[in-house]
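Please consider the structure shown below. The explanation after it is intended to be read alongside the coordinates.

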Number of protein chains: 2
Amino acid sequence: MALVFSIAVFSSPEISGHLNLVPLPSHLQIQPGALSITSSFSVAFQGYQEPRLDRAIERFSQQLARQTGLPIRTGRGDPTAATLIIHCDHASKPAQDVDEDESYSLEVRSDKALLSAPNPLGVLHGLATFAQLVTITPQGFAAPAVKIQDTPRFPWRGLMIDVARHFMPISVLKRNLDGMAAVKMNVFHWHLSDYQGFRIESKKFPKLQELGSDGRFYTQEEAKDLVAYARDLGIMVVPEFDVPGHATAWFVGYPHLASGPGPYQIERRWGIFDPALDPTRKSTYSFLDDLVGEMSKVFPAPYFHMGGDEVNGKQWDSNPQIQSFMRAHELKDNHELQAYFVAHLQEIVAKHHRTMIGWDEILSPGLPTNVIVQSWRGQNALADAANQGHRGLLSYGYYLDLMHHASEHYSVDPIADAAALLNPDKQKLILGGEACMWTEYVTAENLDSRLWPRTAVIAERLWSAPDVRDADSMYQRIGHLSWELEILGLTHRTNMETMLRRLSGADDITPLWVLAQTVEPIREYQREELATQRDTLNSAAPLNRLVDSIPPESKHAREFAGLVDKYVASGFHDATTEKYIREQLNTWAANDALLQPLLANSSILKEDAAISSNLGVVASLGLQALDFARSNQTPGADWTAKAMAALESAKKPKDDLMLTVAQPIETLVQAVSGVAPANKAGR
Amino acid sequence: MALVFSIAVFSSPEISGHLNLVPLPSHLQIQPGALSITSSFSVAFQGYQEPRLDRAIERFSQQLARQTGLPIRTGRGDPTAATLIIHCDHASKPAQDVDEDESYSLEVRSDKALLSAPNPLGVLHGLATFAQLVTITPQGFAAPAVKIQDTPRFPWRGLMIDVARHFMPISVLKRNLDGMAAVKMNVFHWHLSDYQGFRIESKKFPKLQELGSDGRFYTQEEAKDLVAYARDLGIMVVPEFDVPGHATAWFVGYPHLASGPGPYQIERRWGIFDPALDPTRKSTYSFLDDLVGEMSKVFPAPYFHMGGDEVNGKQWDSNPQIQSFMRAHELKDNHELQAYFVAHLQEIVAKHHRTMIGWDEILSPGLPTNVIVQSWRGQNALADAANQGHRGLLSYGYYLDLMHHASEHYSVDPIADAAALLNPDKQKLILGGEACMWTEYVTAENLDSRLWPRTAVIAERLWSAPDVRDADSMYQRIGHLSWELEILGLTHRTNMETMLRRLSGADDITPLWVLAQTVEPIREYQREELATQRDTLNSAAPLNRLVDSIPPESKHAREFAGLVDKYVASGFHDATTEKYIREQLNTWAANDALLQPLLANSSILKEDAAISSNLGVVASLGLQALDFARSNQTPGADWTAKAMAALESAKKPKDDLMLTVAQPIETLVQAVSGVAPANKAGR
C-alpha cells in the first residue's frame, strides 16, 4: 500500500494551515481550491440505498450546522445540483462484523464533493472525514479540495468501557459512541458485569440485576436501543460477561453459582477478590447457557466476550468438592480447571452462534482456534496466541485509566516485539486493538475527560499507516479535534471549569486554574497504592478532588517543556522564548499566595496546599536559573545541589497529583548548571 | 407580612460569606451552626405521600450529588435517622393551578433539617432552597443552620418561550424547565404557533404541522411528556395558539381559514404581516373549536393563551365579504371586528373548561371578566384591565430578547405606575408576570445564554418582597446561581467558548475572549433595524456571529465601571484601584494587534475589525486620562474635546455590537477633565 499523506501548508489561496484529520487517511492528495459550505448544502444518493443512510445524512447535516452555525438542513437532493454526491454499492452485513470492507474514496472539488464506498460503513467513515475538513476561511466556511482513498490498517478498532465499577447512563455512552464514530472506531466493548455490579436486565435471572446492581442497570430495551444507535454509527457492540472470576455481583442473587459458601454482597472495594463460579457443577453451565442465549437476542454481534481474567483460585482450593472433581478429571491445577471451564464455556457460546473472546488467561493448548484473545499483557502474548492459531486484540498499552500521555499510547503498535516477527499469515491474525477504560476512579461526570482526546490517538494508531508517528502533528490535530468533539456533545473540556468551581465554591477561581494546569494525576497503579494506605480503595470515596477534575495530560506543561528545550537549545540566547518562560514562571511563583484563601475555605482543596507551595518553590528556582543564564553565570555547586534536591522532592506525588512542570524546570536548572540531565524515563 | 431577610456575614464558625439564595425568601433567620452534607444523606417523609414526591427526592439526590461530587443516593429513609424530614399535608390539584398554596417552611439545624409544606408544590420549592444552601466549607459540604418561612408575592411567575421563530428541541426545553424550577417559577408559557411555524401535531388537522412546520414540531406524545415533566417540577404548561394574526403557518395547509386569497407559504421573514383568520365565517370557529378541544386533551392546565396581538387589519380591509359582514353586524372598525372574534373565541375556550388569556389587544368593553390580559404595554394597561375586572400579567419590561441588563429587569415591578394606585382588591387581580423570550435571534444553541441568569432576576422580582431591590446583592447571588445552573445541565456559560472557537477556527482564542468581554449585543429593536437595512431580516441569516456568542450583559464591563467609579470617587488617590484599571486598559490597548490574525482568517469575524480597533483607541484614551490624573494635571480643552469625540464615535453600535466599556472610560475622561458627565440614560 503506497502512502501519500502529508500535512503540508495548503496551496489554495483560500485556505491556509493544516488539515486536522484524525485518523490520517491512507492516501491523501491536496488539490488547489476549496468547496464552499453554505446553508444550501445538499446531498444526493446513487446506488444502494437504505434508511440508515438517510439517518446518517440527517446526523451529518446537524453536525455541519453545529460546526458552522449555518441553518443547514439537508435531505436527499437532486444529483445534478447536490453539493455532495454519495455512491454506495451494496448493503453491509445484517449484523455488523469486522470482516467487512470499510474503505471509501472522497473527492472534494471546488464545485462539489463525491463520496464513494462499497457499503454503508465506508459512507459513514467518508462523512466523518468530510466533517473534519470543514473550516472557517476569510471567504466563509469551506472544505479544501482533496482526493482521499482510505481504508483501515486493522479491522478491529475498539473501546471498552467498564460500567460495573461506576455505572454510566445510556446518554453518556451515546455521546461517547458519537466520539468513537468521529475517529472511525468500530467496536464498543461493553464491560457489563464485574465484582461491583451486574448491569443489564436478565428476564430469566432477574435477581442478577435486582440484587446485583443497586438499581443501576440497563433494561434490555435500553441495551437494544444502544445497539441500534451504534449500528447507525458503524459500531458493533460486543457485550462482556466476565467469568469465572470478577463475578461477585452475580452471587448476591444466585449464591449457588459460586465456589464458596454464601451469602454474598455486592463488592464495594476495588481490587481482585476470591469469589469465582463453580466450574464443576452442571448447573453452572446450564445457567450460562440460558444467560448467553437470552443475551444473544439483545446483542446481534457475532462475538461474545466472556472475560476469564484474574481468577486467584482461592475458592477452588478451599472447596473439597471441587478438589475431588479435579482429581476425578485429572485436572492437575487451577490453570487446567480454568481451561476445562473455558472449553465448556466456548461450546455454549458457539451453540448460540457467537465467537468467544477472552482475556489473555483463557489461552491454553486445547482452546479452539476460533476463540479470540484480548491481551492486556502485550504483543508477545499476542504472538503466542497467533502461533496457536488464535486471532488477537491488543489492549496492553491502551489502558486509558493508567493516565499515560497521548504520545505514550501513540507509540504502542499491535505489531511489535514478538508480533513483529510473525510471518505475514500469522500477523493477519492480529485484528487490531481496544482502548480500555476501567472505571474505579472514573464517574459519568469525568468519563469524557479520561477518554478524550486520548482515545483518538489509539484510533489513529489502529487506522492509519504504521509510519504515521509524528507526535507533534498528532498533538496539533487532536487539539483541534478536541473542540470538534465538544461541538458533538462531549464534555471533556467544558466540564473541568464546573468541577473546579465546585471544589472551591469561589467566584474567581483563576489561581486554581493556574495550579490545575501545572499538575497531572499520578500514573499506573499509584492511586490504588495510596488508596490502600488511606483505606479509600472503595466505591464510597468521592471522586470530586482536584485529581478527578484535571485532564490526564497537561497541555501547559507540555508546551512549557517545549519552550525550555528551545531556550536551552539556543544556548540561552533566544530572548523571546526567555520572556515567555519568565512570564510563566512569574505567574507560578505568585500563585500560592493567591490560592491560599481558596485552599483555606474548602475541605477538598486543603490537601493541595503542599503541591501549591511546591509550585511556588520550583518556579522561583526556575527564575533564579534564568537570571544565571541571562548574566552568563554558572551557579555554584551548592546552589545546584540544593535546587536539584528541592526539584526531586517537588516531583514526588502529592495527594494523587504530580507537579508536571517540575521536570522542565529541572531541565533548565541542569542546563544552566552544566549538569547532564538525569534519566527521564517515565515522562 | 413581616420581612426578616438579611444577607449578613454568617455567624457560624464553620461557614463564612453570604447565602446565595435566589429568589430571597420572605422570612429568613440565620442560626449558629451548620448541617454536614455527606454521602449518607437521607430523607424521610411524613404525612401525605405521592409518587411525584419520590421522584422529587430522586432528582434532589442527583442534584446534591452533582453539587458535591459525593456518591449521594437518597431513597426514603427512617424518620428517626434521616438527615432531612419532609412533612407534606395534602395533595395539590390534579391539574396545577396558580391559586394553590406554594408556601413552605424549612429549618436547617446542625443535626437535621425539617421541611414542611401544605402540599407538594411547597415541598418542591423548599428542596430548591435547600439545594441553594449547600456549600463547600473547610470541614466539608454543609448547609448553614437557618429558619425559613417562605411564600411567593405573586402566584403567576412565568416564562414564555417562542418555538415558532426557531424550533427548540424538547431536551432544550426540559433543561430550561429545570432552571425555572431552581428559581421557583411556576408557569411555562409555550408559544407554539406564529407566522413562521405551527409546532405541535394536530391529529384532526394534520396539515397544520405537516405543511406548517418544515418538519419541526412536537408530537402530542412529546408534548404530554413535557407537561408531565413540568408537573413534576411544580410548573404548569400553558399553550399559546396565536390568533387571529400571527397565523400564516396555519394557512399553508388550511388557506380557507385566512381572510385573503391563498396559497400561503411559511413566512421566512421577521416582522408583522397581513394574513389573519377570517372572523366572519362559521367554519373558522368550528375549526378553532375542534383544535382547542383536541389540544385540551394534551394540556390539562386550566388556561389557554389565544394570542390576539398585532393584527394590522389589511386583509380584513380588502376583503369585500368581510366588509359587508361588518356592515351587517354594525361592527364599525377592525377593533370591533376583533372584539367580535375574541368574544366568540372566548366562548369556545370556555366550552372546553379553560380560561382564556390574551395579549393587551384583546381588551375591549364587552370582554368577559374572567379573561386574563397579558400586557406587553405596561402597568397602566394592567390597571385598565383591572379596572374592568380582568386579572392581568405583566410582560412589559420582561422581554429578554431586547438584551436589557439584569438590573433593568430587576427594577420593573408589576405594581407600579397606575397599577400602584389601584385599590387593594383591584391590585389582587394582578397575578404576576412572565419573562418573554422571542426567538428571531435565538436558536437552540444560544437560548440558554439569552435566558440565564437574567430570568432568575425576574423570578426574584415576582417571588420576593417588593423592597428586595439591592442590585449589588442580586448580581452577586446570580453570579453564584449561574454556576449552579450549569451543574443542573444548562449551557449558558460553557457554550460561549465553543461558539467563539467556531468563529475563529483558531486554537488560541485569548484575544477574541478579551474583545468579547468588552462588548454587548445592541438593544431593543436595533437589530431589526440593521437587519432591515442589510436585508437579513429572515430565518436564513445565520446566528453564528460574535453578537450571537456573547452574553447579553458584560460582567467585565460592569466590574470595570465599578472600578472607575471607585477611583473617581477617591479623587484619583486610590492607587490599588488605579493599578487594576491600568492593567485592564493595557490589555485592551494591546488587543487589536493580537486579534488581527484571527479577524483576517474568518469571514464571520472580519466585521468586528472596527470595534476591535475602537477598543484599542478608547483604552489608549483611558491610559492617557490615568496619566493626567497621576500627575495631577487637567488635560487641555483640545485633548478633552478630541477624546470625547472619539468616545462618542466608539459608543455607536457596530455590527450589532456595542463597545460597552467605552462608557466607563468616558466617565474617567470626563472626571479627569473636570467635565460634568453627560446623561447616561439607556445604560
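The following paragraphs treat one helix and then a set of salt bridges.

The model is predicted. A suitable starting point is helix α3 of chain B, which comprises residues 170-182. At 1.5 Å a residue, its 13 residues should span 18 Å, and the end C-alpha atoms are indeed 18 Å apart, so the expected and computed values agree. Immediately after α3(B), Lys184(B) adopts a positive phi of about 65°.

The surroundings of this helix deserve attention next. Twelve of the 13 residues of α3(B) are buried, and the helix is thus mostly covered. Among the buried residues are Ile170(B), Val172(B), Leu173(B) and Leu177(B), but also Lys174(B), Arg175(B) and Asp178(B). The elements of chain B that cover the buried residues include the helices α2 (120-133), α5 (220-232), α14 (447-451) and α16 (471-488). The strands β8 (156-162) and β9 (187-194) of chain B also contribute to this cover.

Attention now turns to charged side chains. Over all chains, the structure holds 70 salt bridges. One of them pairs Asp232(A) with Arg55(A), with 2.6 Å between the closest N and O atoms. Asp232(A) belongs to helix α5 (residues 220-232) of chain A and Arg55(A) to helix α1 (residues 51-68) of chain A, so this pair ties together parts that are 177 residues apart in sequence. Asp232(A) has a relative accessibility of 13% and therefore counts as buried, given that the cut-off is under 20%. Arg55(A), at 41%, counts as partly exposed.

A further salt bridge in chain A joins Glu666(A) and Lys651(A), at 3.2 Å from N to O. Because Glu666(A) lies in helix α25 (residues 662-673) of chain A and Lys651(A) in helix α24 (residues 637-651) of chain A, the pair ties together parts that are 15 residues apart in sequence. Glu666(A) is buried, with a relative accessible area of 1%, whereas Lys651(A) is partly exposed at 25%.

In chain B, the side chains of Lys651(B) and Glu666(B) likewise meet in a salt bridge, at 3.2 Å from N to O. The pair links helix α24 (residues 637-651) of chain B, which holds Lys651(B), to helix α25 (residues 662-673) of chain B, which holds Glu666(B); the two residues are 15 residues apart. Lys651(B) is partly exposed, with a relative accessible area of 25%, and Glu666(B) is buried, with 1%.

Finally, salt bridges may share partners: in chain A, such bridges join Arg527(A), Arg534(A), Arg545(A), Asp548(A), Glu607(A) and Asp656(A) into one network.

Notes. Residues numbered from 1 in each chain as written. Chains lettered and ligands numbered in written order. Predicted model: local features only at pLDDT ≥ 70, side-chain atom pairs only at ≥ 80, totals over all residues. Heavy atoms only, no water. Helix = DSSP H or I, 4+ residues; strand = E, 2+ residues; numbered from the N terminus. Expected span 1.5 Å × (residues − 1). Buried < 20%, exposed > 50% of the residue type's maximum accessible area, 1.4 Å probe, protein only. Contact = heavy atoms within 4.5 Å. Salt bridge = Lys/Arg side-chain N within 4 Å of Asp/Glu carboxyl O.
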